[in-house]
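Trainee: I should like to go through this structure and ask, for each label, what justifies it.

Mentor: Please do; we shall set each value against its definition.

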Amino acid sequence: MNMARPASILALMVVAGCTVGPDYVAPHAEGPAQWVGRPGVPSLSVPDELWWAGFHDPQLSRLIHEALTRNNDLAAAEKRVEAARDQIRIEAAASSPVIGLGGIAENRRQSQTIQWPPRASAGDYRYWSLGFDGSWELDLFGMTRRRTEAARASQAEMAAELDGLRLRLLAEVGADYVTWCAALARLQVAKDRIALVARQRDLVTHEWHVGARGHADVDQAEADLAAAQQTVPPLLAQATEMKNALAILTATTPEAMQLTPRADLSIPLPPARPPSLPSEVLTRRPDIQAATFRYARDNAEIGVAVASLYPKVAIPLDFGVTTSTLHQAFTTASLLWQLGVTAGETIYAGGRRTAQIDAARLQRDAAWLGYRQAVLNALRDVEDRLATIGDNESRLSSVGLELHAAQEKLLHAQRQYRDGEDDLAPYLVQGITSDRIHDQGLTTQQETVLASIALYKALGGGWRPVLSGGSG
């Protein structure tokens, strides 16, 4: 048999091979020229994944590091991404030949009632066989390439979802830590206020004993003290809950969780934001990246469905030895081989394959709409966070002015009491008022910082300005 002709035909088939189905074109949605919640000229900024470093709090940085390296949910998601990476290898391996090795050693009896092949003289004989068998399915129409492309996109989608989980984890660690610090700060203010209210109660009780006050004033003073004392248990519970939450996030048991209060019992403050932010920062949001890769995966699945319409071509290969006498196993006479080309095509499948193509296209279109919706959700998320921050900063400024005025009045009342120009009551009343405004300011400051962390999450991380000279 002349092997040149089939080889030439096979070569032409390989050269003519193509990848069917639509090629991937990255989706794109225009972002706003400027944010409604923070208008201005878009500033030059670059992503800063280490956004928590701007808080300048070593304990927060330690908690972030422990969460990144020890969180169980994050570690499990990383394993799933690794498994998806192996799936790429599985799909790509379909374009490689499959070779096996096998052997047979047995006694056989040939039927003596058939005419072909000629029966053995006695009907019984030994059978030895050893050889290689293989098959190579040619990816002439790109089914394997499209499946590999889909597997790559699926793995990238899972990696983006992993980034999203990581982003949510870090934001939760930051928010829980800030809430823990705020609870301790408010707890100290509450204790100071309780001390002042207790002194006020004692003063009213003394005045009642000398006949300068009525018993109703004493009852009111006792009620004010009880109300002040009731603010402590919720703050203690909140501090404990946040500590336990941080323990879970860092894969630590609650009893082993070690947290040290900040020296001044203050709330850590985030770095200042630039005057404005370019909308392009949204492209690094994990949910938008995941939607992009989901679209790429579904687009590749169309090619897989289209390739199913075309014939499947394979090259089978068998090579080995077969003999009835073992000493002749490796002689030329015992050698056998088989090499050729096989092709198969389904003529009728009840419309199943065309339905698969239609379903794949609709799935791709749905992924495109999902991408657009992810962008819209991201825009709303950022605008909501900017609006919340703007409102909190305005309230924080007002509370700051109110607290400054109250503290000035407190100093004035303290001087008057110290100089004997007034009694103790006005000083205590002003001190209680100042502590109340201080607690309100801490609450507003906590909400502002939490809104900033939520903005980091909405933007896919932090930011930092581009330095002069083009370095970031």
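Trainee: How many residues does the largest nonpolar core have, and which of them have the most contacts inside it?

Mentor: In this predicted model, the largest nonpolar core has 36 residues, and V173 and W180 are those with the most contacts inside it. Two or more residues each come from helix 2 (58–70), helix 3 (72–92), helix 4 (143–209), helix 6 (232–249) and helix 9 (424–458). Helix 4 gives the largest share, 14 residues.

Trainee: What does V173 touch, not counting residues up to four places away in sequence?

Mentor: V173 touches L60, L63, I64, A67, L246 and L249. Such grouping agrees with a general tendency: in soluble globular proteins, nonpolar side chains tend to be buried together.

Trainee: Which residues does the second, separate core include?

Mentor: That core has 17 residues, among them I194, L203, V232 and L424.

Trainee: Let us turn to E157. Why is E157 counted as buried?

Mentor: Buried means under 20% relative accessible area. E157 has 7% relative accessibility, so E157 counts as buried. E157 is found in helix 4.

Trainee: What makes the pair E157 and R297 a polar contact?

Mentor: The cut-off for the N or O atoms is 3.5 Å. The side chains of E157 and R297 are joined at 3.0 Å, which satisfies that distance. Leaving aside neighbours within four places in sequence, E157 is in contact with A290, F293, R294 and R297. E157 also belongs to a network of salt bridges that links E157, E161, R294, R297 and D298.

Trainee: How many salt bridges does the structure hold?

Mentor: The structure holds 22 salt bridges.

Trainee: Why is the pair D381 and R285 called a salt bridge?

Mentor: A side-chain nitrogen of Lys or Arg must lie within 4 Å of a carboxyl oxygen of Asp or Glu. For D381 and R285 the N to O distance is 3.2 Å, and the pair therefore qualifies.

Trainee: What does the pair tie together?

Mentor: D381 lies in helix 8 (residues 352–418), while R285 lies in the loop between helix 6 and helix 7 (286–307), so the salt bridge ties together parts that are 96 residues apart in sequence.

Trainee: Are these two partners buried or partly exposed?

Mentor: R285 has a relative accessible area of 8% and is therefore buried. D381, at 22% relative accessibility, counts as partly exposed.

Trainee: With which other residue does D381 form a salt bridge?

Mentor: D381 also forms a salt bridge with R385, the closest N and O atoms being 2.6 Å apart. These two are four residues apart in helix 8, so about one helical turn separates R385 and D381. R385 counts as partly exposed because its relative accessibility is 22%.

Trainee: How do you know that R395 and D391 meet in a salt bridge?

Mentor: Their side chains have an N to O distance of 3.3 Å, and the limit is 4 Å. Both residues lie in helix 8, four residues apart, about one turn of the helix. R395 is at 32% relative accessibility and therefore counts as partly exposed; D391, at 42%, also counts as partly exposed.

Trainee: Which residues make the nonpolar surface patch?

Mentor: The patch, of about 1,100 Å², is made by I99, L101, L130, F132, L317, F319, F330, L335, W337 and L339. Strand 2 (98–109), strand 3 (124–138), strand 4 (312–323) and strand 5 (335–339) each supply at least two residues. Strand 5 gives the most, with three residues.

Trainee: What makes L335 eligible for a patch?

Mentor: Patch residues need over 30% relative accessible area. L335 is at 40% relative accessibility, which meets that condition, and counts as partly exposed. The place of L335 is in strand 5.

Trainee: Finally, why do H56 and A251 deserve attention for phi?

Mentor: Most residues other than glycine have a negative phi. H56 has a positive phi of about 55° although it is not a glycine, and A251 likewise has a positive phi of about 55°. H56 is found in the loop between strand 1 (45–48) and helix 2; A251 is found in the loop between helix 6 and helix 7.

Trainee: Is each of them exposed or partly exposed?

Mentor: Exposed means over 50%. H56, at 69% relative accessibility, therefore counts as exposed, whereas A251, with a relative accessible area of 33%, is partly exposed.

Note on methods:
Residues are numbered from 1 along each chain as its sequence is written. This is a predicted model: local features need pLDDT of at least 70, side-chain atom pairs count only at pLDDT 80 or more; totals for chains, interfaces and linings use all residues. Side-chain values use heavy atoms; hydrogens and water are left out. A nonpolar core is a set of buried Ala, Val, Leu, Ile, Met, Phe, Trp, Tyr and Cys residues joined through side-chain atoms within 4.5 Å. Buried means under 20% relative accessible area, exposed over 50%, partly exposed in between (1.4 Å probe, protein chains only). Contact means heavy atoms within 4.5 Å. A polar contact is a pair of N or O atoms within 3.5 Å; within protein, one must be able to donate a hydrogen and the other to accept it, and residues adjacent in sequence count only if both atoms are side-chain atoms. Patches are made of residues with over 30% relative accessible area and no salt bridge: like charges are joined within 9 Å, nonpolar side chains (Val, Leu, Ile, Met, Phe, Trp, Tyr) within 5 Å. Accessible areas come from the Shrake-Rupley method with a 1.4 Å probe; for residues, only the protein chains shown count as cover.
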